[in-house]
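Me: I would like to learn how to read the packing and the sheet in a model such as this one. Could we go through it feature by feature?

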Amino acid sequence: MQIVELFHSIQGEGLLAGVPSAFVRVAGCNLCCVWCDTPYASRPNAKSEQLTPARIVSRVRAFPKTRHVVLTGGEPMLAPGLPELARRLRAAGFHITIETNATLPPAGIACDLASLSPKPAHAFPPNQPVRAPDPAIIQEWLDAYACQLKFVVAGAGDLPAILGLLERLPRPPPPDRVLLMPRGATRPELARRRQVVAELCTRHGFRYCPRLHVELYGGRRGV
Ligand code: SF4
């Protein structure tokens, strides 16, 4: 597998925000979001490493006191080795979070928390077609795993699309599993948006999603 980063830090987002975790960032993505905060992970690059699933597990084991592992990207579900990696992590007793843009079905992968982050229309470059979230794929994840449905929000204008997607899901998650996260890869960007996102959460009963790693470390990589 092509791995862009493998590091130990604090989970900054979602239900497990604050939990020390090992992060395995897989190279490659099938989207091209204009505000992607990990563009270096969109394809293998000079710094990415080719590692077998067994080697990745042994690297994860080397972090002290790690019980949680986050498989992220890029889009980790694209990697052919991901099911084997998840199987090995499960066998080794780790809690597995998979962070995915939810464009690919789970296909029975071992996962304890699926962090589904469908991308809104404003994620797509103006000269490219918008790839709308697929409710059937999202529902497959929701039916099979503990999930959080996480939306990157720039402002109140994003809400109609989010509410529309929830309406198209046959069995939507409860509101406290719907997370609104302010868009921002730097502290000033987050500061500009977090108030309005918090107010949207209050109004709709959704969960506010922090970005602790940005608050703690700014826009640095590998933390
Ligand atoms: S799906 Fe995620 S990793 Fe891929 S381009 Fe969009 S924000 Fe970046």
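Reply: Start from one residue and list what surrounds it, bearing in mind that the model is predicted. Leaving aside neighbours within four places in sequence, Leu180 is in contact with Phe151, Val153, Leu159, Ile162, Val197, Leu200, Cys201, Phe206, Arg207, Tyr208 and Cys209. There is also a second, separate core of 9 residues, which includes Leu31, Ala123, Phe124 and Cys209.

Me: Which residues have the most contacts inside the largest nonpolar core?

Reply: The general idea is that in soluble globular proteins nonpolar side chains tend to be buried together. Here the largest nonpolar core has 47 residues, and those with the most contacts inside it are Val24, Leu71, Leu82 and Leu180.

Me: How should I read the sheet, and what is the order of its strands?

Reply: Read the strand order, then the sense of each pairing. The sheet is open, has 9 strands and follows the order E3-E1-E2-E4-E5-E6-E7-E8-E9, with mixed pairing. Its edge strands are E3 (49-50) and E9 (207-208), each of which pairs on one side only.

Me: How many bridges join E1 to E2, and how many does E2 make with E4?

Reply: E1 and E2 run antiparallel and are joined by 7 bridges. In that pairing, Glu5 stands opposite Arg25 in E2. E2 and E4 (residues 68-72) pair in the parallel sense over 5 bridges. Across this second pairing, Ser21 stands opposite His68 in E4, and Val24 has Leu71 as its bridge partner. Val24 and Leu71 are also among the residues with the most contacts inside the largest nonpolar core.

Me: Is E2 mostly covered or mostly open?

Reply: As a general point, in a regular strand the side chains alternate between the two faces of the sheet. In this model E2 is mostly covered, with 6 of its 7 residues buried.

Me: Which helices lie on the sheet?

Reply: For each helix, note the strands involved and the angle. Helix H1 (residues 53-61) lies across E1, E2, E3 and E4, and runs at about 20 degrees to E1. H4 also packs on the sheet, where it touches E7 and E8 (178-182); its direction makes about 155 degrees with that of E7.

Me: What do the buried residues of H4 pack against?

Reply: The buried residues of H4 are Leu159, Ile162, Gly164, Leu165 and Leu166. They pack against H3, E7, E8 and helix H5 (187-204). Two of them, Leu159 and Ile162, also appear among the contacts of Leu180.

Me: Which residues of H3 are buried?

Reply: The general idea is that an α-helix has 3.6 residues a turn, so residues three or four places apart point the same way. In H3 (residues 135-144), Pro135, Ile137, Ile138, Gln139, Trp141 and Leu142 are buried. What covers them includes E5 (95-100), E6 (113-116), E7 (147-153) and H4 (159-168). At the start of H3, a side-chain oxygen of Asp134 comes to within 2.9 Å of the backbone nitrogen of Ala136.

Me: Asp143 is also found in H3. Is Asp143 buried or partly exposed?

Reply: Asp143 has a relative accessible area of 45%, so it counts as partly exposed. Its side chain is joined to that of Arg171 by a polar contact of 2.5 Å. These two residues are 28 residues apart in sequence and 8.1 Å apart in space, C-alpha to C-alpha.

Me: How many aromatic pairs does the structure hold?

Reply: The structure holds 2. Phe7 and Phe23 form a stacked pair, 5.1 Å centre to centre with 10 degrees between the planes. Phe7 lies in E1 (residues 2-10) and Phe23 in E2 (residues 20-26), so the pair ties together parts that are 16 residues apart in sequence. Phe7 is buried at 8% relative accessible area, and Phe23 is buried at 7%. In the other pair, the ring centres of Trp141 and Tyr145 are 5.4 Å apart and the planes are at 40 degrees, so this pair is tilted. Trp141 and Tyr145 are both buried.

Me: Finally, where does His213 lie, and what does it touch?

Reply: His213 lies in helix H6 (residues 212-217). Its relative accessibility is 18%, and the cut-off for buried is under 20%, so His213 counts as buried. Not counting residues up to four places away in sequence, His213 touches Gly12, Glu13, Gly218 and Val223.

Definitions and conventions
Residues are numbered from 1 along each chain as its sequence is written. This is a predicted model: local features need pLDDT of at least 70, side-chain atom pairs count only at pLDDT 80 or more; totals for chains, interfaces and linings use all residues. Side-chain values use heavy atoms; hydrogens and water are left out. A nonpolar core is a set of buried Ala, Val, Leu, Ile, Met, Phe, Trp, Tyr and Cys residues joined through side-chain atoms within 4.5 Å. Buried means under 20% relative accessible area, exposed over 50%, partly exposed in between (1.4 Å probe, protein chains only). Contact means heavy atoms within 4.5 Å. Rings of Phe, Tyr and Trp (its six-membered ring) pair if their centres lie within 6.5 Å; planes under 30 degrees apart count as stacked, over 60 as edge-to-face and the rest as tilted. Helices (H or I, at least four residues) and strands (E, at least two) are DSSP runs, numbered from the N terminus. A polar contact is a pair of N or O atoms within 3.5 Å; within protein, one must be able to donate a hydrogen and the other to accept it, and residues adjacent in sequence count only if both atoms are side-chain atoms. Two strands pair if DSSP finds at least two bridges between them. Axes are lines fitted to C-alpha atoms, for helices over the stretch in contact, and angles run from 0 to 180 degrees between N-to-C directions.
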